[in-house]
Amino acid sequence: MVEIPENEMDQVLNAFYEGVCYLNAQGEVQYTNAAARSHWNIEEHKKHAITEQSVVIRALAGEEVRHELAQITPEKTLLVNAIPLLTDNTVSGVIVASQDVSEHVTIEQSAQKALDIFIEAMMDTAHITDINESLRRIATLLPQLLFIDNSIVFRVHEQTGRISFIGMFGSSE
């Protein structure tokens, strides 16, 4: 096993993109790297959100928790692993590794909402044989898709009410 000098441990753990926390058997935060402090909003001398999370409570009880989502705030979601450290079959501490997956969760929720809207549009227009009427009804749902990066553009002719397909566009971020 490779030994890392104690004075270099901070540098090593701060090199990780993932948040790393060490809690003692009582659930008190003993060590965090910079990413973990950001993930869990950890400040010195304050009660920490990490100790209230079910994944940490379960790990302190001896359960190994892997790949579980933890909702920290309405805007922040972490993917968490919490592994109990055992000494003589007794939990002596917990290592918590976390990744901020908030952006991925937001994208997934947006995609699901878009899919739900399109399914609603399809169900709403399934019985209609006139394509213009179908497109007109679908076009009424498009404003709900303003939050989506990919769009379909239609033009409604003011006098005839006919809908013309203009094109599709999207971002590639």
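## Surroundings of V96

In this predicted model, V96 touches G19, V20, C21, L23, W40, I50, V56, V80, N81 and A82, when residues up to four places away in sequence are not counted. V96 belongs to strand β5, and its relative accessibility is 0%, so it counts as buried, the cut-off being under 20%.

A further relation links V96 with A36: the two are 60 residues apart in sequence, while their C-alpha atoms are 8.9 Å apart in space.

## Positive phi at H67 and N89

Most residues other than glycine have a negative phi. Against that background, H67, which is not a glycine, has a positive phi of about 55°, and N89, likewise a residue other than glycine, has a positive phi near 60°.

As to their settings, H67 lies in strand β3, which covers residues 65-73, whereas N89 is placed in the loop between β4 (76-87) and β5 (90-100). H67 has a relative accessible area of 59% and is therefore exposed, since the cut-off for that class is over 50%; N89 counts as exposed as well, with a relative accessibility of 75%.

## A nonpolar surface patch

V2, I4, M9, V12 and F16 together make a nonpolar surface patch of about 420 Å². One of these residues, F16, is found in the loop between α1 (6-14) and β1 (19-24). With a relative accessibility of 41%, F16 counts as partly exposed, because this value falls between the 20% limit for buried residues and the 50% limit for exposed ones.

Terms used:
Residues are numbered from 1 along each chain as its sequence is written. This is a predicted model: local features need pLDDT of at least 70, side-chain atom pairs count only at pLDDT 80 or more; totals for chains, interfaces and linings use all residues. Side-chain values use heavy atoms; hydrogens and water are left out. Helices (H or I, at least four residues) and strands (E, at least two) are DSSP runs, numbered from the N terminus. Buried means under 20% relative accessible area, exposed over 50%, partly exposed in between (1.4 Å probe, protein chains only). Patches are made of residues with over 30% relative accessible area and no salt bridge: like charges are joined within 9 Å, nonpolar side chains (Val, Leu, Ile, Met, Phe, Trp, Tyr) within 5 Å. Accessible areas come from the Shrake-Rupley method with a 1.4 Å probe; for residues, only the protein chains shown count as cover. A salt bridge is a side-chain nitrogen of Lys or Arg within 4 Å of a carboxyl oxygen of Asp or Glu. Contact means heavy atoms within 4.5 Å.
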